[in-house]
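Colleague: Could you take a close look at how the helices sit against each other and against their surroundings here? I'd love a connected account rather than a list.

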Amino acid sequence: MVIDDGETGFAISNNGGPTREYLDPVRFLTNGSTGKMGYACAAAAIKRGHKVTLISGPVGLARPKGVKLVRVVSSEEMAEAVGEHFNKCDCVIMTAAVCDYRPAKRWTHKMEKSPGGMNLELERTRDILAELGQDKKDKMLIGFAVQDKGARKRAKQKLVNKNLDAIILNGPAAFAANRTDVSILQRGEGWVDYPIILKSKLGGLIVRLAEDELL
């Protein structure tokens, strides 16, 4: 999350990392996101002179120097924090890997194991990106898509359905990696490929993409 200080011309909102959806006090659903991409975007924005607030799920990364860090755990906490800062920014970069489902019931005490299997009922979490797309007005909204089947078609559908201005497509191998293969699609333009790019470099590229549109 990047909040404008009145001098840099625009504000960027960024979040990163996974969310955790707890089943009981010790067990949870999550994914393999390490937050490296979101933290790289925040660091790049700081380097280019913006005031940064990063909304982060649970990760093992150090806070980039100069960044105000807002820590969250669940998808609901992520949604609330993003919504709280939404009106303070001109551009939103959604890098976080938010869980799509959470347990329908959360036990207050640790569940004891028992013989046999277990059926776990899940419910959908809020679609933060879609909510922002419905209320974006003149803000710039950049999303990420992790796909491994029909990747470009699905990513383009996400761009259209969630009213995004640009989408960054990569695969599951990007989780925890320092380098990634990405393709970027901006509304009204064609795909641009960036094979084997450092996430630190990609973060700068994404921030400059926003600057090109907003400055």
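Modeller: Happy to! Let me begin with the geometry: axes are lines fitted to C-alpha atoms, for helices over the stretch in contact, and angles run from 0 to 180 degrees between N-to-C directions. Please keep in mind that this is a predicted model.

Let's start with the helix pair. The axes of α1 and α5 lie 8 Å apart, and the two helices pack at an angle of about 55 degrees. Angles under 35 degrees count as roughly parallel and those from 65 to 115 as roughly perpendicular, so α1 and α5 are oblique to each other. Their crossing is right-handed. On the α1 side, the contact is made by K36, M37, A40, C41, A44 and A45. Facing them from α5 are K199, S200, L202, G203, G204, I206 and V207.

One of those contact residues deserves a pause: is C41 buried or exposed? C41 counts as buried, because its relative accessibility is 2%. Its sulfur is unpaired too: the closest cysteine sulfur, in C91, is 9.7 Å away, which is too far for a bond. In fact, a search of the whole structure finds zero disulfides. C99 is likewise in no disulfide, and the nearest cysteine sulfur to it, that of C41, is 20 Å away. C99 is buried as well, with a relative accessible area of 7%.

From C41 we can step towards the sheet. L54 lies in strand β4, 13 residues from C41 in sequence and 9.4 Å from it in space, C-alpha to C-alpha. With a relative accessible area of 0%, L54 is buried.

The sheet itself is open and has eight strands, in the order β5-β4-β1-β6-β9-β10-β11-β12, with mixed pairing. β5 (67–71) and β12 (191–198) stand at the edges, and each has a single partner strand, so one side of each has no neighbour in the sheet. Neighbouring strands are turned by 20 degrees against each other on average, direction ignored.

Where do the two helices lie on this sheet? Helix α1 (residues 36–47) lies across β1 (12–16), β4 (52–56), β5, β6 (91–94) and β9, and it runs at about 175 degrees to β4. Helix α5 (residues 199–214) packs on the sheet too, touching β1, β6, β9, β10, β11 (179–186) and β12. The direction of α5 makes about 145 degrees with that of β12.

Among the strands that α5 touches is β10, and it is worth a closer view. Strand β9 (residues 140–146) pairs with β10 (residues 166–170) in the parallel sense, over five bridges. As a reminder, strands of a sheet pair through backbone hydrogen bonds, either parallel or antiparallel. G143 has I167 of β10 as its bridge partner, and V146 stands opposite N170. As for burial, five of the five residues of β10 are buried. Both faces are covered: A166, I168 and N170 are buried on one side, and I167 and L169 on the other.

Now let's move out to the edge of the sheet. β11 and β12 pair in the antiparallel sense over six bridges, and L185 has W191 of β12 as its bridge partner. The hairpin these two strands form has four residues between the strands, and G188 there takes a positive phi near 80 degrees.

Positive phi values also turn up in residues other than glycine. In strand β12, I196 has a phi near 50 degrees. I196 is exposed, with a relative accessible area of 53%. A176, in the loop between β10 and β11, has a positive phi near 75 degrees. A176 counts as partly exposed, because its relative accessibility is 40%.

One last stop is the other end of the pairing with β10. G150 sits in the loop between β9 and α4 (151–161) and counts as partly exposed at 44% relative accessibility. G150 is 51 residues from C99 in sequence and 21 Å from C99 in space, C-alpha to C-alpha.

To put the picture together: α1 and α5 are oblique to each other, α1 lies across strands including β4 and β5, and α5 packs on the sheet with β12 among the strands it touches.

Definitions and conventions. Residues numbered from 1 in each chain as written. Predicted model: local features only at pLDDT ≥ 70, side-chain atom pairs only at ≥ 80, totals over all residues. Heavy atoms only, no water. Pairing = 2+ DSSP bridges. Contact = heavy atoms within 4.5 Å. Disulfide = S-S within 2.5 Å. Buried < 20%, exposed > 50% of the residue type's maximum accessible area, 1.4 Å probe, protein only. Parallel < 35°, antiparallel > 145°, perpendicular 65-115°, else oblique. Left-handed = near helix turned anticlockwise from the far one by under 90°.
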